[in-house]
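Reader: Hi! I'm in my first year and still learning to read structures. Could you take me through the metal site in this one, slowly, and then show me a few other spots?

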Amino acid sequence: MKFPAERQRVVDVSRALADRGYFAATGGNLALRIDGEHIAVTPSATDYQTMEAADVCVLRLADLVKVDGERKPSVESGMHAQVLRARRDCHASVHTHQPAASACTLLGRPLLVDDPEHRRLLGPEVPLVGYAPSGTGWLSGKLGRALRPDVNAYLLRTHGAICCGTSLDATLLALVALESLALDQLRTRIAIRLAGERAPDTALQRLLDTIDAHPVQDVIA
Ligand SMILES: [Zn+2]
């Protein structure tokens, strides 16, 4: 088996993300850069608790041809390849269905990042990539056009999130920071909604101010 250490690392991290609820059932997938030519990618539709290193696919980054692995690669391999081709500084790309960030994809706007530690991990904002069906070239193309050198986290409209980083550990930190940011955003919106029920005029104005600051539209059409 080629690259056993990297493939075992993909197994271990996938299990940890499944345990944490970031990979729901078989949803969620990741890619790890092995060297200048190859990436290790989670297999398609596999139970992460029973997955083994031999199931993890080794693909050529340039054309996604499989060079090793027992199973079919994730349908989102093209999306991860977009990230790892465009961001040569990044060694991992992780797509999740983590709860709070996934809920924020329904709000139809990017997330601004104020906290300095979150900015270091995520960038100045988390863009919202417009909707396209999972596993399609349409979705990876939209993500490809949204990628920025200073942004490590992206929301996929009505779907989930994708983060990248200089290592798998840095990418996991970005996922956790994104979930915290998304939770704060949801708490704020709930508070505004509750305040609106008590004092409709002022709360409505605050909500409108928020909407004015972040227009309800996809960053990527
Ligand atoms: Zn997904």
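Author: Here is the metal site, followed by some other places to look at.

Before we zoom in, this is a predicted model, where local features need pLDDT of at least 70 and side-chain atom pairs count only at pLDDT 80 or more, while totals for chains, interfaces and linings use all residues. Residues are numbered from 1 along each chain as its sequence is written, and side-chain values use heavy atoms, with hydrogens and water left out.

Now the zinc ion. Its protein donors are H95 (NE2), H97 (NE2) and H159 (NE2), at 2.0 to 2.1 Å from the ion. A donor here is an N, O or S atom within 2.8 Å of the metal (3.2 Å for Na, K and Ca), and since water is not among the atoms, sites may look incomplete. Along the chain, the donors are spaced as H-x1-H-x61-H. H97 sits in the loop between β5 (92–96) and α3 (99–104), and H159 in the loop between β9 (153–156) and β10 (160–165), so this pair ties together parts that are 62 residues apart in sequence. (Helices are DSSP runs of H or I with at least four residues, strands are runs of E with at least two, and both are numbered from the N terminus.)

How open are those two? H97 is partly exposed at 26% relative accessibility, whereas H159 is buried at 15%. Buried means under 20% relative accessible area, exposed means over 50%, and partly exposed is in between, using a 1.4 Å probe and protein chains only.

Right beside H159 in the chain numbering you'll find T158, in the loop between β9 and β10. Its phi is near 50°, a positive value in a residue other than glycine. Most residues other than glycine have a negative phi. T158 is partly exposed, with 43% relative accessibility. F3 also has a positive phi near 50°, and F3 is in the segment before α1 (4–19).

Next, try T42, in the loop between β2 (38–41) and β3 (57–60). T42 is buried, its relative accessible area being 0%. A polar atom of the T42 side chain lies 3.1 Å from the backbone nitrogen of L30. That fits a polar contact, a pair of N or O atoms within 3.5 Å; within protein, one must be able to donate a hydrogen and the other to accept it, and residues adjacent in sequence count only if both atoms are side-chain atoms. Leaving aside neighbours within four places in sequence, T42 has contacts (heavy atoms within 4.5 Å) that include V10, Y48 and P73.

P73 turns up again with L59, a residue of strand β3. Among the contacts of L59, leaving aside neighbours within four places in sequence, are H38, V65 and P73. L59 is buried too, at 0% relative accessibility.

Last stop: two helices. G78, M79, Q82 and V83 in α2 meet L139, S140, G141, L143 and G144 in α5.

Stepping back, the protein has 7 helices and 10 strands, and 48% of its 221 residues count as buried. Of the contacts with a separation of 6 or more, 64% are between residues 24 or more positions apart.
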